[in-house]
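Visitor: Could you pick one part of this model and take me through it closely? I would like a connected account rather than a list.

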Amino acid sequence: MSEALRRLRARFGEAEAHVDATQARARKASARRLHDLLAAPPAARVAGLHEAALTPADRAELERAVAEALPRRHVRVRRSLTGAARRLLRHARYRRRGLIALVLLVAPTLGLAWSMSTHTLADAVPVRLAAPYAITWTLAGGQTLRVEEPKDAEFVWFLRDGKSYLRRWFDGRGYGEVAVTNDFTRTAITVRS
């Protein structure tokens, strides 16, 4: 091995040792500074988050300590819905914003209740076909759909304005209805159990 290469390797080894020693001193200084900051008042801890003397690991430790020292937010739940409703009504009575909030809360609820009451068949009976039939269904948009229904296909039977109807759900299309005669009702369908 040449003398120049030996000197180069020796200098490289010295440089590595110097870097290791410098890093060790930086880690010790960072640990001391972290210890001092953890013992300091909260304002000093927060200010210490931006110090360059801290290593990333020590900075993360300081961030955890600051986060733990922060007060937790507590959400209070109303003890009484009637009390909350009373306050809302009082607020609505004297302020326009309260009245708007009341309308925005009540209108969707009433709309949903009305929609449910008009679209729910209270007197519907679950039925099934006694034999296979080809049925032409009328969908909500007015389209018609002819389907070969197999024996034991399940539907809902109901009366509207004195006439018998069958209703079925079609995926992606909504409900389909068909008016049926009293003969069909007596002979072609049976009550589902």
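Guide: Val127 stands opposite Val191 in β7, and that pair of residues is a good way into the sheet. Strand β7 covers residues 189–191 and runs antiparallel to β1, with three bridges joining them. Strands here are DSSP runs of E with at least two residues, numbered from the N terminus, and two of them pair if DSSP finds at least two bridges between them. The model is predicted, so local features need pLDDT of at least 70 and side-chain atom pairs count only at pLDDT 80 or more, while totals for chains, interfaces and linings use all residues. Residues are numbered from 1 along each chain as its sequence is written, and side-chain values use heavy atoms, leaving out hydrogens and water.

Strand β1 (residues 125–129) also has β4 (residues 154–160) as an antiparallel partner, and four bridges hold these two together. In that pairing, Val125 stands opposite Trp157.

From β4 the path leads on to β5 (residues 163–170), again antiparallel, through five bridges. Between β4 and β5 there are two residues, making a hairpin, and Asp161 in the turn has a positive phi of about 55°. Next comes β6 (residues 174–180), joined to β5 by seven bridges, also antiparallel. This second hairpin has three residues between its strands, and Gly172 in its turn has a positive phi of about 80°. Tyr165 stands opposite Ala179 of β6.

Now put the pieces together. The sheet is open and has seven strands in the order β3-β2-β6-β5-β4-β1-β7, with antiparallel pairing. At its edges stand β3 (144–149) and β7, each with a single partner strand, so one side of each has no neighbour in the sheet.

Let us look at some side chains. Arg167 is found in β5, where Val156 of β4 stands opposite Arg167. At 14% relative accessibility Arg167 counts as buried (under 20% relative accessible area, with exposed over 50% and partly exposed in between, for a 1.4 Å probe and protein chains only). The side chains of Arg167 and Glu177 are joined by a polar contact of 2.4 Å (N or O atoms within 3.5 Å, one able to donate a hydrogen and the other to accept it; residues adjacent in sequence count only if both atoms are side-chain atoms).

The aromatic rings come next, and the structure holds five aromatic pairs (ring centres within 6.5 Å, with planes under 30 degrees apart stacked, over 60 edge-to-face and the rest tilted; Trp is represented by its six-membered ring). One of them is Trp137 with Phe155, a tilted pair at 5.2 Å centre to centre and 45° between the planes. Trp137 belongs to β2 (residues 133–139) and Phe155 to β4, so this pair ties together parts that are 18 residues apart in sequence. Trp137 is buried at a relative accessible area of 0%, and Phe155 is buried too, at 2%. Another pair is stacked, because the rings of Phe158 and Tyr165 have their centres 5.6 Å apart and their planes at 15°. Phe158 and Tyr165 are both buried. Finally, ring pairs link Trp137 and Phe155 with Phe170 into a cluster.
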